[in-house]
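The following report describes the chain shown here, beginning with its charges and then turning to its fold and its interior.

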Amino acid sequence: MSDSALRALRTRAGRSVDALNRSFIDNLFYVVGRSVQKATPIDLYTALAYTVRDRMLERFITTGENYKQNNARTVCYFSAEFLLGPHLGNNILNLGLRENLSEALVELGLDLEILMQQEQEPGLGNGGLGRLAACYLDSLATLEIPAIGYGIRYEFGLFDQTIMDGWQVEVTDAWLRYGNPWELPNRQRRFPVKFGGHTEQYSDEHGHLRIRWVSGCTVYGVAYDTPILGYGVINVNLLRLWKAEARDSFDFQAFNTGDYYGAVDEMVVAENLTKVLYPNDEPEAGKELRLKQQYFFVSCSLQDMVRMTLRDLGDLSRFPDKFVAQLNDTHPAIAVPELMRLLVDEHNMPWEQAWDITRKCFAYTNHTLLPEALETWPLDLFQRILPRHLEIINEINRRFLDEVRVRFFDDDQRLGRMSLVSEGPARRVRMAHLAAVGSFAVNGVAALHTDLLKSTLLKDFHEMWPEKFGNKTNGVTPRRFIALANPPLARLIEETIDGDWLRNLESLKRLESWIDDVDFRARWREVKLTAKRQLSDHIGQTLGIAVDPASLFDIQAKRIHEYKRQHLNVLHIISLYSRLKDSPNLDIAPRTFLFGGKAAPGYQMAKLIIKLIHSVAEVVSRDPQANHKMKVVFLPDFNVTNAQRIYPAADLSEQISTAGKEASGTGNMKFSMNGALTIGTLDGANVEIREAVGEENFFLFGLTASQVQERLNAGYQPWQVVDNDPELRHALDLIDSGLFSHGDRQLFAPLTGKLRGQDPYLVCADFRAYLDCQENVDAHFRDAERWTRMSISNVARIGNFSSDRAIREYAEEIWRVQPVHIKA
């Protein structure tokens, strides 16, 4: 780069207060097209985003050039979701610009905090799977590991959640309504993706038999690139998302003949492919769209990787030297046959060589043991949408089952269990099996989950390839979930232990030496109270509900699902309310029960649980015998923005899923990282969190995973548990009486009837242990000094649950990749 170019770059991307001030005004005027006087809050935010982005792009370009020069092996993270959260605050933190930027804006009469609140949260993810992917991108860049995140640029997110009369109502998440200043459209990266049609055989110029896929239709994927900045480093990695479009956006001939709808029909059909995150797959059309979405982003991504391999190495036989691809659950598992298609059909590689390359390229992370969450596709749907891929899967399966026959003689039942295609009247392609066969490594996301994966879901595959299987317990980024979400706690840590703790979370252990310091404990309590006041203010402003910041903030914030057992929490609330009615002078700590989470649009039982939470909240709030001791609040639209308000304010973290059902969980880590104590079962990462923070700092209750299975195998009868527990029976009877439904005795009957009759997630079985444990929580909370010590211990011992630790393990034990340090 020339000296003049460098001078221009320093002028445009300077970090001084004056440079930031001038850059902001320039972006507002020349990019947004507004003056400070005429600009709306969105205009001001957009100019600020471009000002910050300018300071990322030099690093972004430098990083790409360095990676290419080093021929660095690159991690490609394939995920259907990336729940990134707002970009602005995170990028300001990682650039270390907050102080100067705040001062520059103050000179213009503007407030950084207010402008940050204008950002629309990207609608690119839903729950833990997508948030984990975002944390891992943050850690990959921070650890200087070359990486590309590949996914879909959804035009609309899952939905925005509003509440009407206690019911969840889904509202369109139009997150791109004001544009997205963080992305860089890259129309040079445009790849064709075929669907439907048929296959035919032909002989190539050497007389070899080949297969040609004659597609029914073709759409194109266009890249949209988002720089992902590391903390405390120069490295900026790439998130590349694909948008679908037609070959031609406008049919001029159709328009000229008066077919105005037909003129744009191809464009509309193509763009529907990336229109919305997780379309409802209840109808057949929804299933078809989901499969097309998954194949679309995988095909674009692999074509992009093939392009880069040929550009940099000139030889596809070295594809695994250039890339390793991590499949984030089964959504991208179609990558296995797609890479085979590209190598065999498009680049004329022999099957055996292509299969060797494919199995050296992919690693698979499993995220669930729930049968309904394991993707399988009807064979006829697969045949119709991806006929060539079904042929490839059948060939992979034929060769694989021959391996199984040699490994396990005369075991037809095992063959049936392990086949990539289930037999029977409704044959289906098993994507978890495909991922396991096509990958060189398979991992679970918590120690318990991995053990269950090896002993249940993928037991046969573990017996065949035990060396493939390992555990990589999830982690979360402390940059977003401490430094950004909880600045007062970050400042207290910084003042107390110094050092680069945000890049080495294990150094939080040094906080333990301060537990006996009276002044430190007082400051710790003030930090927590500040966060609780801020959340209380937010609840008051948005919901019009007054909550007491001095009360125990008991929070369950996660996706609404029966196995996560929000209804167990509600049964405790009803029982506590009933106790207060019987004994108005009952000596308990005032408590605010706070819920957050979305129910899937088609999941009626989860929606009924949300309605029950609101109904109980309504009754409790208007009862003067109880409302001074307890309050129930549902905070709508749980997302990253709201999570950053919630985690710092929690006193008690509800992690009460049925043991053996939660793969890992990451909310448990975020709560604990912010000083909340956990009440939970031995499920998912709870097991490891309890071991890390100490059993004396964790409120344990409930059946273990093995005990759950034993109860179910023995013929669990929940009504017997209900009959033998008067308090449980009374709580269910109160719901059935219409107390919480304005006299409607049928409204919650599906919920209470299922608990009495089936109770598949053993809510009734764990009820008594849960109530007893909650009494222990109450006693501990009223001893403020003891509670504070426990809270400090949780933060001091949570370092192992940083996403940096998880990524180091992936890099060293699975991906075999090295960091590339870039000098400033």
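## Charge and basis of the model

The chain carries 94 positive and 108 negative side chains, and the centres of the two sets lie 2 Å apart; Lys and Arg count as positive and Asp and Glu as negative, with His and the chain ends not counted, and each charge is placed at NZ of Lys, CZ of Arg, CG of Asp or CD of Glu.

This is a predicted model, in which local features need pLDDT of at least 70 and side-chain atom pairs count only at pLDDT 80 or more, while totals for chains, interfaces and linings use all residues. Residues are numbered from 1 along each chain as its sequence is written, and side-chain values use heavy atoms, leaving out hydrogens and water.

## Overall fold

The secondary structure comprises 34 helices and 22 strands, taken as DSSP runs numbered from the N terminus (helices H or I, at least four residues; strands E, at least two). The radius of gyration, taken over C-alpha atoms, is 28 Å, close to the 28 Å that the globule rule (2.2 Å times the number of residues to the power 0.38) gives for 824 residues, so the chain is as compact as a globular protein of that length.

## Nonpolar interior

The largest nonpolar core, a set of buried (under 20% relative accessible area, 1.4 Å probe, protein chains only) Ala, Val, Leu, Ile, Met, Phe, Trp, Tyr and Cys residues joined through side-chain atoms within 4.5 Å, has 150 residues, and those with the most contacts inside it are Phe78, Phe296, Phe382 and Trp815. Helix 10 (residues 284–312) gives the most to this core, with 10 residues. Apart from this core lies another, of 65 residues, among them Leu552, Leu568, Ala599 and Ile613.

Conventions
Buried < 20%, exposed > 50% of the residue type's maximum accessible area, 1.4 Å probe, protein only.
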